Amino acid sequence: MTSALGDHFGDMEPLPYDYSPLALSIPYMLPASTGILIVGAGPAGLTCAITLALSGCNDITIVDAQPAGLNLSRAIVIHAQTIEELDGIGCREPLTARGIHAKYMSIQARQKKLFRANFCNLAGKTRFPYALLISQSETERTLEERLNGLGVTVHRPYKLVGMTKLPDGIKVTFESGEEIQARYVVGADGARSMIRKLAGIVFRDPATHKDPFAEQPRPGESYKKENARLGRSIVIADVHLSGEIPPCISSNDLSTFLGPLGFLLLVPLPPREDDPEQRIVYRMSCPTEPGTKEVSKERLQRVLKAGLGLKDVETPVVDTILWSSRFRIRSAVADKFYQSFGGGAIALVGDAAHVHSPAGGQGMNLGIRDAIALGKTLHEITENDKLQTPTAAAKQAYAIQRLDAFSKQRREMAIAVIKMTKVMTWLSGLESPVARRLRDTFWRLMGKVDTVNDKFALSLSGLQLKA
Ligand SMILES: Cc1cc2nc3c(=O)[nH]c(=O)nc-3n(C[C@H](O)[C@H](O)[C@H](O)COP(=O)(O)OP(=O)(O)OC[C@H]3O[C@@H](n4cnc5c(N)ncnc54)[C@H](O)[C@@H]3O)c2cc1C
């Protein structure tokens with residue numbers, strides 16, 4: 001029997017799922033069924049689980065393919081709106097206590113400051129007028145500890161490999177052969193989301209309409225053509241610097257240097273807890289070297305010298321590479337962030353729903369905020385599901401309306417972030433000397449206008465995207 005609402009959720013008579021605290025009582029055993037299954041315990045999945053657990057929605061299960069949390073640095077900035085929202089779910093304090101509170105993000109070229117976004121000027125709009133510099137591994141650890149404190153444990157390693165439509169929900173199959181039945185499945189499984197694929201949700205660049213992950217490198221293709229077709233390849237490396245640190249390298253703020261080898265982003269991070277000398281870690285980010293896949297100290301040293309525009313003797317030395325990775329800048333957004341699936345529904349958050357350039361450090365921020373919005377939405381839906389009076393069709397209609405509103409609102413925000421980060425990436429990648437001079441003049445002129453500086457800080461902070 002198909003309801004008047006078409007096949008959005010199929011027919012949903014009595015709920016087979018028990019939205020009760022009992023579901024949390026055996027932490028390590030995967031239950032046979034769950035109200036909400038969250039797949040992926042990165043920042044987005046963990047945040048969604050915390051939001052649900054805090055709202056009293058206890059019939060949740062969270063799984064991850066990895067045997068342990070990833071200990072990778074990756075995203076390094078948490079912006080004001082995200083700090084506000086993390087505060088609301090009791091996750092802010094350990095992060096703001098440990099991270100560096102950056103007041104400025106500056107753009108410099110040829111030893112001159114061109115532009116400076118001042119986060120302090122956000123003071124009237126937020127209790128946290130700064131950008132918090134801390135590595136993603138520490139953010140994830142804080143989130144997982146908070147979730148554990150609420151009585152929820154991540155089930156690992158459980159890699160989702162299949163989803164089957166059931167009349168009253170979704171059957172999920174893991175690589176181990178185990179299965180779980182869920183009413184709602186949250187796809188927090190990252191940029192190459194299996195859930196997105198299995199649900200048939202299109203993922204594409206909003207401007208070119210191409211799926212950036214569908215493209216493959218071609219043998220013999222030039223570096224320039226490959227970058228243009230697949231997205232620019234950049235290096236990120238967390239390093240220790242030795243030697244005298246010149247005043248242009250801030251130990252508190254984010255700095256971008258525009259130079260002959262392209263851009264260099266230099267961001268200080270708190271010393272590692274296991275470092276007896278408690279040295280500042282610097283995140284370096286720059287274009288990869290044409291023709292090589294290695295991230296070498298020599299290359300980073302050359303980029304540092306070119307970016308700072310100093311003589312060899314004045315340039316600090318890249319002493320140790322603590323962690324490094326190559327990253328291709330891709331932009332894409334899911335056509336929709338939710339999809340009915342049999343008698344249930346799936347919803348996407350974080351990188352599963354959108355990817356973009358790391359310029360401005362927006363990715364993880366947007367994902368965490370998506371996750372809080374989805375957690376609240378799913379709480380409202382499951383509360384409505386528990387009511388006696390509405391018919392099954394009315395409950396379906398409510399769920400569809402709430403998930404649709406979530407999807408439209410978050411997608412709009414993702415598209416705005418993609419547009420902003422594309423412009424920043426394009427400007428930082430200009431190659432011809434004339435275009436670079438014009439760009440530097442543009443930044444210098446913009447930097448003289450306080451309202452422009454403030455607007456830029458506001459855009460990065462996420463406060464203007466407040467739901
Ligand atoms: C190398 C690298 C560098 C980056 N640098 C920056 C940066 O400098 N600044 C910035 O803002 N952002 C950066 N990012 C992006 C940032 O890390 C992401 O935006 C953020 O991690 C997204 O969080 P997420 O929870 O949506 O996804 P993820 O962190 O990707 O987490 C997804 C989780 O899902 C799990 N999973 C995947 N598939 C399955 C499956 N089939 N079954 C079960 N579990 C599954 C994974 O194990 C993982 O734990 C970087 C990303 C990478 C890869």
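Me: A residue counts as near a molecule if its C-beta atom, placed from the backbone, lies within 6 Å of it. With that rule, how many residues surround the ligand, and which are the closest?
Reply: This is a predicted model. In it, 34 residues surround the ligand. The closest are Gly40, Gly42, Gly190, Gly350 and Gly363. Three elements give two or more residues each to that shell: α1 (43-54), β16 (317-328) and α8 (363-386).

Me: What is the make-up of the shell around the ligand by class?
Reply: The shell has 17 nonpolar, twelve polar and five charged residues. Gly counts as polar in this scheme.

Me: How do you know where the ligand lies relative to domain 1 and domain 2?
Reply: Look at who supplies the shell. Domain 1 and domain 2 both give residues to it, so the ligand lies between them. The domain assignment gives domain 1 as 21-73 + 138-212 + 332-424. Domain 2 is 100-133 + 224-329 + 435-467. Their C-alpha centres are 32 Å apart.

Me: How many residues of domain 1 are in contact with domain 2?
Reply: The cut-off for a contact is 7 Å between C-beta atoms. By that test, 13 residues of domain 1 are in contact with ten residues of domain 2. On the domain 1 side, α8 and α9 (392-428) give two or more residues each. The largest share, four residues, comes from α9. This side divides into seven nonpolar, five polar and one charged.

Me: How many helices and strands does the chain have, and how do you know whether it is as compact as a globular protein of that length?
Reply: The chain has eleven helices and 20 strands. Its radius of gyration is 23 Å, and the globule rule gives 23 Å for 467 residues. The two values are close, so the chain is as compact as a globular protein of that length. The C-alpha trace spans about 75 × 45 × 45 Å along its principal axes. Buried residues make up 46% of the chain. Take the contacts between residues at least 6 apart in sequence: 76% of them join residues at least 24 apart.

Me: Is Val295 buried, exposed or partly exposed, and what makes it so?
Reply: Val295 has 19 C-beta neighbours inside 10 Å. Buried needs 20 or more, and exposed needs 12 or fewer. The count falls in between, so Val295 is partly exposed. Its place is the loop between β15 (281-287) and α7 (297-308). Beyond its neighbours within four places in sequence, Val295 is in contact with Val235, Ala237, Ile321, Ser324 and Arg326. Val295 and Ile321 are 26 residues apart in sequence and 9.1 Å apart, C-alpha to C-alpha.

Me: What class does Ile107 fall in, buried or exposed, and how do you know?
Reply: Ile107 has 26 C-beta neighbours inside 10 Å. The threshold for buried is 20 or more, so Ile107 counts as buried. Ile107 sits in strand β5 (residues 104-109). Not counting residues up to four places away in sequence, Ile107 touches Leu114, Phe115, Thr256, Leu258 and Trp443.

Me: How do you know whether the span of helix α4 agrees with its 14 residues?
Reply: Helix α4 covers residues 136-149. At 1.5 Å a residue, the expected span is 20 Å. The end C-alpha atoms are 20 Å apart, so the two agree. The buried residues of α4 include Thr139, Thr142, Leu143 and Leu147. The buried residues pack against α1, β3 (77-78), α3 (92-98) and α8. After α4 comes Gly151, with a positive phi near 90°.

Me: What makes Gln111 and His209 stand out in the backbone?
Reply: Most residues other than glycine have a negative phi. Gln111 is not a glycine, yet its phi is positive, about 65°. His209 is not a glycine either, and its phi is positive at about 65°. Gln111 is in the loop between β5 and β6 (112-118). His209 lies in the loop between β11 (203-204) and α6 (223-230).

Me: Why is Gln111 called exposed, and why is His209?
Reply: The limit for exposed is 12 or fewer neighbours. Gln111 has 11 C-beta neighbours inside 10 Å, so Gln111 counts as exposed. His209 has 9, so His209 counts as exposed too.

Me: What joins Arg156 and Pro157?
Reply: Most peptide bonds are trans. A cis peptide bond joins Arg156 and Pro157, with omega about -20°. Pro157 is in the loop between α4 and β8 (160-166).

Terms used. Residues numbered from 1 in each chain as written. Predicted model: local features only at pLDDT ≥ 70, side-chain atom pairs only at ≥ 80, totals over all residues. Domains from an automatic or database assignment. Contact = placed C-beta atoms within 7 Å. Rg over C-alpha atoms; globule rule 2.2 N^0.38 Å. Expected span 1.5 Å × (residues − 1).
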